[in-house]
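Student: Could you take me through one part of this model closely? I would like to look at the place where two neighbouring chains meet, and then at the helices and loops around it.

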Amino acid sequence: MIRKLRRFAKAVTKPSYKDEFYHYPGTIPGTIIIDENAPPPQIYLMDYCQNNFTHQRLTAPEDCVPYLDQESVTWVDVQGLGSRDVLERLGRVFELPPLVLEDVVNVSERPKTEDYDDQLLFIARMVVPRERGGGFYSEQVSLVLGQHYLLTIQEEPEHDCFGGVRTRIEKAKGIIRRQGADHLAYALIDAIVDGFFPVLERYGEELEDLEEEVIVSPTRQTLQKIYQVRRELLQLRRAIWPQRDAINSLIRDRSELISEEVQIYLRDCYDHAVQVMDMVETYRELASGLMDVYLSAVSNKMNEVMKLLTVVSSIFIPLTFVAGIYGMNFNTEKSPYNMPELNWYWGYPLCLGVMGAIAFGLLFLFWKRGWLENSSTINRD
Amino acid sequence: MIRKLRRFAKAVTKPSYKDEFYHYPGTIPGTIIIDENAPPPQIYLMDYCQNNFTHQRLTAPEDCVPYLDQESVTWVDVQGLGSRDVLERLGRVFELPPLVLEDVVNVSERPKTEDYDDQLLFIARMVVPRERGGGFYSEQVSLVLGQHYLLTIQEEPEHDCFGGVRTRIEKAKGIIRRQGADHLAYALIDAIVDGFFPVLERYGEELEDLEEEVIVSPTRQTLQKIYQVRRELLQLRRAIWPQRDAINSLIRDRSELISEEVQIYLRDCYDHAVQVMDMVETYRELASGLMDVYLSAVSNKMNEVMKLLTVVSSIFIPLTFVAGIYGMNFNTEKSPYNMPELNWYWGYPLCLGVMGAIAFGLLFLFWKRGWLENSSTINRD
Amino acid sequence: MIRKLRRFAKAVTKPSYKDEFYHYPGTIPGTIIIDENAPPPQIYLMDYCQNNFTHQRLTAPEDCVPYLDQESVTWVDVQGLGSRDVLERLGRVFELPPLVLEDVVNVSERPKTEDYDDQLLFIARMVVPRERGGGFYSEQVSLVLGQHYLLTIQEEPEHDCFGGVRTRIEKAKGIIRRQGADHLAYALIDAIVDGFFPVLERYGEELEDLEEEVIVSPTRQTLQKIYQVRRELLQLRRAIWPQRDAINSLIRDRSELISEEVQIYLRDCYDHAVQVMDMVETYRELASGLMDVYLSAVSNKMNEVMKLLTVVSSIFIPLTFVAGIYGMNFNTEKSPYNMPELNWYWGYPLCLGVMGAIAFGLLFLFWKRGWLENSSTINRD
Amino acid sequence: MIRKLRRFAKAVTKPSYKDEFYHYPGTIPGTIIIDENAPPPQIYLMDYCQNNFTHQRLTAPEDCVPYLDQESVTWVDVQGLGSRDVLERLGRVFELPPLVLEDVVNVSERPKTEDYDDQLLFIARMVVPRERGGGFYSEQVSLVLGQHYLLTIQEEPEHDCFGGVRTRIEKAKGIIRRQGADHLAYALIDAIVDGFFPVLERYGEELEDLEEEVIVSPTRQTLQKIYQVRRELLQLRRAIWPQRDAINSLIRDRSELISEEVQIYLRDCYDHAVQVMDMVETYRELASGLMDVYLSAVSNKMNEVMKLLTVVSSIFIPLTFVAGIYGMNFNTEKSPYNMPELNWYWGYPLCLGVMGAIAFGLLFLFWKRGWLENSSTINRD
Amino acid sequence: MIRKLRRFAKAVTKPSYKDEFYHYPGTIPGTIIIDENAPPPQIYLMDYCQNNFTHQRLTAPEDCVPYLDQESVTWVDVQGLGSRDVLERLGRVFELPPLVLEDVVNVSERPKTEDYDDQLLFIARMVVPRERGGGFYSEQVSLVLGQHYLLTIQEEPEHDCFGGVRTRIEKAKGIIRRQGADHLAYALIDAIVDGFFPVLERYGEELEDLEEEVIVSPTRQTLQKIYQVRRELLQLRRAIWPQRDAINSLIRDRSELISEEVQIYLRDCYDHAVQVMDMVETYRELASGLMDVYLSAVSNKMNEVMKLLTVVSSIFIPLTFVAGIYGMNFNTEKSPYNMPELNWYWGYPLCLGVMGAIAFGLLFLFWKRGWLENSSTINRD
């Protein structure tokens, strides 16, 4: 059991602590530390303008150079951080400042916006609900926005929430093909923020289920689940708070890379981030309230158990005592006062009658106190 | 029982989670997503100036065009969001920006104010107490204020709290007929904010009832009710907080669409919103305190149960032991030391006397500790 | 019992929820809604300058007109809100804006300051401790300050805390007779703020009593009292917070109606309001801590009860078992192994000895664990 | 016991509620209310410049007049507030505004700074640890800083923390004799702020002791002590928060009475006040956490008690039942099926064997569940 | 046991309270108070420019004078505060203001930045995880930045987190050798902030372990550990909050001693400080939630124990009563109604049958209530 729990705990909590990765105190600023287990980078390129559209997988970072100077919007999407060489070549191709590369690779960076005159760095945290089981995948995404290009760097190739955006570009849906790289950046940030909703919706459902479970049949697993939800909501909160600030500083700083129109869209996106925060806070309060309810429910159950014990004991212990009295061996022949009841003609029936009277009297008392009904509702649940 | 609870829970919590509706990450901004279950829109038009008054139901959005350019105030009230076609035609008639339409249709938008030069968008959340049972209906209302018109879009046609305003216009009560569209907008916002009061009053009463229930006879249902109240107050809080901010930005931004006089009225309305918030916070603290009281009350009850068990056990277990001693079968004939009491002339009465003395002694001790009185107050409740 | 509790609860909580009175959503702004149960207004007039002093009860609002234009300070004190007619005539006499009259009559208004150029409206909440029982009367007072007059409107004629001010004017104590209407307004506001102190002092005492009660002999009533105190402190908090803000905006807005000197006095008054808030917050924390103490104390008591039960059971249940063994009817004649002890010469004394040894052994163990002492301290309390 | 507790509670809490003294609502502002129990004032004068030093006790306030106009720094230290006459004469000698005298005498004033052009009033709260027992003396100190003099007014002559400053002046240690009255004021304020450290250190130790007590042997006294600490820390918090603000406004307002150099020292003093606040907050959190630990520890103990009861009952109740069976009186002669065991040759040993087997079986089960070890750790503690 | 606990507590908490060291109220500002147990200072000097590098241990503070005026960067690192003489000579060599020396020596100073025109004082708190056992070493580090030199003063020579920086200088890694003293200061501050990560990572792991322990097998030690973690996190919080503010004021104040480029690096460092704070707050919430879980888990366990007791008692007490009945000695010969069952042919088997039926009936009931399964899951854990 313990082992099972442990394994379970590990499986679930691993992603939650993964983002506590940090670079060792005293390392050179700008150092790129490659996590050995990180997947090797896959590089995808999308180049589009209103009429043309290319989508291909690149083998080397340098392959995207020809696209960068064109007027068309170039989206280079790097998935995976497992190669120092590729990352450093990327840095050279896009002329990234050294601190940017470090932030991109340090997968536990707080979401933030950094403005480097001709480039804009936006670090975000993306969450994707797991297909099976609860929880969510959490992954850092870095966006580097230039005049005509957008470089995005994801931690791993498996999950992202950019599917909708890719389809919109490919199918030329909406206005995205008519807009610049800033609009693409907005679309991705919006997808990241909106990506919190399905995750939160799940927690909403889980809280609803837990509420019922807590009140109807609280078990130890319930407790663990509530704590789990609280912990994961704390994580979501740590992800969305700075994200909101980052979007806000995108809006406030009015970089020249972002057009007026996209500013308006970003404000909408900011509203969504605030809404996510609201929901996270609400869910956290609900989860914390559920813990109180759990404690009360457990106390309640114990109360019922104690009532049953008390009813049974209070009825049978006195009866047993009466039986014990007539089981005494006082010598009835030595004295007429020694348990003359034993020799009465109606002695035994009388004795049973007295016991019955005691039992029913006590039952009546308990019934009046309402202990019997309550005690039975437990049964009927 | 479980099923009943589940059904109960569903029935009550549905509206509370309904507003967690969201648009899928990656969808095009400005997309209008129609909820299939949304009721079809009904369009009502009121056109009035000091002397004239028209009130009619329109069949098509375009029917209101002739009213819009007149000096008279035109109030177009759309109830229901169930038709993309109607909404898009509305958008064209009122020349709404695409993001506005999206906000209007996305029924989980946070209350907010958006200023589009010649139009002012105010998104509010309206609550209406349910006729039967606890809880409330919660519905999004969008107000689009123009120079001479006001467009309001409600989620559904069934409940709103604009009855008073409609009567005032129809009966020409107060100054509303002498004022412009901005005053109408104020009157509706004021009605929405004041609409929180009857809902809150109900929670005030419910908390009072719960307080009594918790102290006199706490059951599992009490626990559930308290949690329910807490959850619904959290919802109210999420609705009123941004509403206050939205009203505040209406006042602060000093749009040209809103006259000086209406500004003063809006400040009054803002005061009411703050008062609502105050009440919500107070009720939340009371509800949270009730949970503590509940836990204490349950502990208290268990204490009483334990006392009874202890009193009964502590009295009868020693007595039963005494009876058990004289039930032993030591052979009195083999030795004068083997239970000579059994052959005494007064053996049995003496034995009963000893038992009585023990019982009364213990009862006296318990009485001195005050356990008997306390234990009996439970009974009298 | 329930009914008694209910009646008790009603009696105490009524005033606490009275201020939740609100005007129905959709009513015309500026509407005066008269509470049917409100007492009829009594109008008192005080007119004074350094040398003259008049104090009389007026029968009609118009009777104060002759005093208003004089240089002397005129204080019109209206007590009771039960007549629409009188209030509207008052409004005309003092030329009050319509929203002012509404605020005055709506007795659940948040304390606030409104500046209407030649008039200053200050809405305050006055608390007066009840003569008997706990709790306090809470009443809204509206002050309208003009150039040479002050109009005060109280909810009811019975309680106020202006006695000291009236005496100072009448007896010409202090500087009040030499000062203008603004000083009178300050004196009344100061009296209102200082009026919180006796109420708070009572809660201080009540908390001290409750603390003792909680630790020495916690009962269900204790729980109820703590919750009651918490609820009433919440009310006080809701009253004093906005009051502080209102005084602050009086100071900050520097209306021309308030002289430099009175500003200095108001700052002193503001300090007192902050002090009241401090005390309310401290008391709230103490009350909330008491709830924890209560829960712990109840657990503690249960612990003691359980210890007694465990001691008694653990001693007598094994003894009863021993007695039970020698109460078995094995046929000693069939075999020398069948309970030969029964036929021993010292069988019975030996058996008693064994029982005594078991009992004393267990008692010794319990004594070493310290259960016997603890269990007895309960008794000695 | 109750009385003892009550007396204890009184003794400790008196100082904690003493500062809740207030002036009655409606009294004239500037009124001096003399507490009858206040000690009579003792007036000490220190006059010093770099080379001269006088220290004497004055009999009348007017005796300090000759010193005030000199260039040398004059420190008049009044200890005790028990005479209206002396205080009013002081007011005249130092030309104090009336509100200042009121603030000085009202010993529950919030710490604050008031700037009266040629005088600076600083009201502080001084704490001194009690020599014996826990707790601390809390006393209001008012400082009035003039061009060449400093007037300090303390509540009582017994405790203060100015000893170090007096010695520095007397022995001409440090730079204090070369500096003006502003430096003296700083030195006293610094002594007051630093005076919180020894008090806090004590609470640090008490919390450490309580933590051990809570985990090893929680009793009712522990609970009371924790609550006591929480209450006293709340008091300290109420004293230090406004003190910090007062020092801050001393620094920010840049009065001409305070030199640039002393400003720098005051900033250091401000840092210390912030540090005190930090410690108070940390201790409050620790104390509040201890309450949780207490509750858990009590639950834990009850758990152990219940385990013992359950182990004893679960073992002996079945055994007693077995013994009860063979104590039944079925007539073995009437039928071979009526308790033939009683007549078996090995009946009794077999019966004892069965009982032993049951007992050991159950013990083994409990041991496997770990109940026996846990139950015994309690004993070993 | 108590003693062991005490010793344990002391060992662990000493460092946690050590920083509560304070200077006695009333001491002269600028006084250097040497802690007797402080280790004697060791002085190390590093002097480097792009091409040269010296690293030596100095015997006297004056030995570093020749290096200070050179263009090369000089880092004087003093480890240990145990000699007033050395510190005062240091003060003269570096021309430190008196308050700076006091702050440096007072090892419980709050982290802060002070700008003295040509010198910049930065006081930081450095944490280093203990090699064995939990907890961390906490030590104050003062940095004095001049034009071409940096003076650092540490509390003790044993632990610091500057190893990485020393290596980078020695091995000329990164850009540090090409930069000025401001970059060195940044590198050290960055190392201090990053030094919180390994400490926090440990608490992350400890919380994970505790979570499992709490749910699977909560003991008293668990409780203690949770409280310990909470206390140490509080300490970390007190260290990092002001550190963040200090770094922020470094950035905001734009001292001339810090170049533009280092400002950018400092902003990165500030981000890390915020991240540390985030993690501390998250861990504190988790730890506080664990306390609730603990309480619930203990209640849960008690519930299981009570269930077992109730099941055993409820089954055997009635059975024992039945056996007691047939153990009564009514004289069957006196009357046919006196326990005729004893003489029945099938009396005994019937009686056993009835008992069995009762037992199985009750077991069935308990099984239906789910008490038996739950009770056994405990066993399987």
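Tutor: Here is a walk through one interface, followed by the helices and a few loop residues. Keep in mind throughout that this is a predicted model.

Let's begin with chains A and B. Across this interface, 58 residues of chain B are in contact with 65 residues of chain A. On the chain B side, five helices each supply at least two residues: α1 (2-18), α8 (220-253), α9 (260-325), α10 (347-369) and α11 (371-380). The largest share comes from α9(B), with 19 residues. Sorted by class, the side of chain B that touches chain A has 35 nonpolar, 14 polar and 9 charged residues.

How are the two copies related? Chain B is superposed on chain A by a rotation of 72°, with 0.0 Å of shift along the axis and an RMSD of 0.1 Å. The two copies are therefore related as by a five-fold rotation axis. Looking for the residue of chain B that comes closest to this axis, you will find B:Gly327, whose C-alpha is at 4.5 Å. The copies use different surfaces in this pairing, since 19% of the contact residues of chain B recur in chain A.

Now for the helices themselves. In chain A, helix α8 covers residues 220-253, and its 34 residues should span 50 Å at 1.5 Å a residue; the end C-alpha atoms are 50 Å apart, so the two values agree. Of those 34 residues, 24 are buried, so α8(A) is largely enclosed by the rest of the structure. Just after α8(A) comes A:Arg254, which has a positive phi, near 50°.

Chain E lets us look at helix α9, which there covers residues 260-326. With 67 residues, α9(E) reaches 99 Å from its first C-alpha to its last, close to the 99 Å expected at 1.5 Å a residue. As 51 of the 67 residues are buried, α9(E) is likewise largely enclosed by the rest of the structure.

Back in chain A, the unreviewed UniProt entry lists residues 308-326 and 346-367 under "transmembrane region". In the model, residues 308-326 of chain A are 100% helix and 0% strand, with end C-alpha atoms 28 Å apart. For residues 346-367 of chain A, the span is 95% helix and 0% strand, and its end C-alpha atoms lie 31 Å apart.

Finally, some loop residues deserve a look. Most residues other than glycine have a negative phi. Against that background, C:Glu95 has a positive phi, near 55°. C:Glu95 sits in the loop between α3 (84-94) and α4 (98-105) of chain C, and it counts as exposed because it has 11 C-beta neighbours inside 10 Å, where 12 or fewer is the cut-off. E:Ala172 also has a positive phi, of about 55°, although it is not a glycine. You can find E:Ala172 in the loop between α5 (163-170) and α6 (181-194) of chain E; with 14 other C-beta atoms within 10 Å, it is partly exposed.

C:Phe162 is also in a loop, between β7 (149-154) and α5 (163-170) of chain C. C:Phe162 has 21 C-beta neighbours inside 10 Å, so it counts as buried. Its C-alpha atom is separated by 13 Å from that of C:Gln140, and the two residues are 22 residues apart along the chain.

Technical notes. Residues numbered from 1 in each chain as written. Chains lettered and ligands numbered in written order. Predicted model: local features only at pLDDT ≥ 70, side-chain atom pairs only at ≥ 80, totals over all residues. Helix = DSSP H or I, 4+ residues; strand = E, 2+ residues; numbered from the N terminus. Buried ≥ 20, exposed ≤ 12 C-beta atoms within 10 Å, placed from the backbone. Contact = placed C-beta atoms within 7 Å. Nonpolar A, V, L, I, M, F, W, Y, C, P; charged D, E, K, R; others polar. Least-squares fit on C-alpha atoms with pLDDT ≥ 70 in both. UniProt positions renumbered as here; feature names shortened; annotations may be inferred. Expected span 1.5 Å × (residues − 1).
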